[in-house]
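Reader: Hey, could you take me through one part of this structure up close? I'd like to start with a single residue and then see what surrounds the story.

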Amino acid sequence: MARDSCLARVGAGVAVGGAVGGAVGAVYGTYEAVRCKIPGLLKIRHIGQTTVGSAAIFGLFLGCGSLIHCGKSY
């Protein structure tokens, strides 16, 4: 079994974290926009900001976790 490079593992962690964070951010942003009664096109802007912010933060954390875990061998 060939071992993946550390960079590939970190990249995969960032990608998965970004996808999961984006999905959660979109759901939460939509809920928050409806709950707070944000008007018109500002609702779309709010959902987009929440989605991108959540994807970036979760992707960063999962990438860092993959980087930390990359050095360990079992």
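Author: Let's start with valine 16: its relative accessibility is 46%, so it counts as partly exposed, since that label covers values between 20% and 50%. Keep in mind that this is a predicted model. Valine 16 sits in helix 1, and it's part of a nonpolar patch on the surface, together with Val20, Val24, Phe58 and Leu62. Between them, those residues have about 390 Å² of accessible area. Which helices supply the patch? Helix 1 (6-35) and helix 2 (40-70) each give at least two residues, and helix 1 has the largest share, with three.

The patch isn't the one place where those two helices come up together, as the cysteines show. There's one disulfide in the structure, and it joins cysteine 6 to cysteine 70, with 2.3 Å from S to S. Cysteine 6 belongs to helix 1 and cysteine 70 to helix 2, so the bond ties together parts that are 64 residues apart in sequence. As for cover, cysteine 70 counts as buried because its relative accessibility is 15%, while cysteine 6, at 30%, counts as partly exposed.

So why isn't cysteine 64 bonded to cysteine 6? The closest cysteine sulfur to that of cysteine 64 is in cysteine 6, but it's 12 Å away, which is too far for a bond; a disulfide needs the sulfurs within 2.5 Å. Cysteine 64 is partly exposed, at 38% relative accessibility. Cysteine 36 is partly exposed too, with a relative accessible area of 45%.

Notes:
Residues numbered from 1 in each chain as written. Predicted model: local features only at pLDDT ≥ 70, side-chain atom pairs only at ≥ 80, totals over all residues. Heavy atoms only, no water. Patch = residues over 30% accessible without salt bridge, like charges linked within 9 Å, V, L, I, M, F, W, Y side chains within 5 Å. Areas by Shrake-Rupley, 256 points an atom, 1.4 Å probe, with all protein chains shown as cover. Salt bridge = Lys/Arg side-chain N within 4 Å of Asp/Glu carboxyl O. Helix = DSSP H or I, 4+ residues; strand = E, 2+ residues; numbered from the N terminus. Buried < 20%, exposed > 50% of the residue type's maximum accessible area, 1.4 Å probe, protein only.
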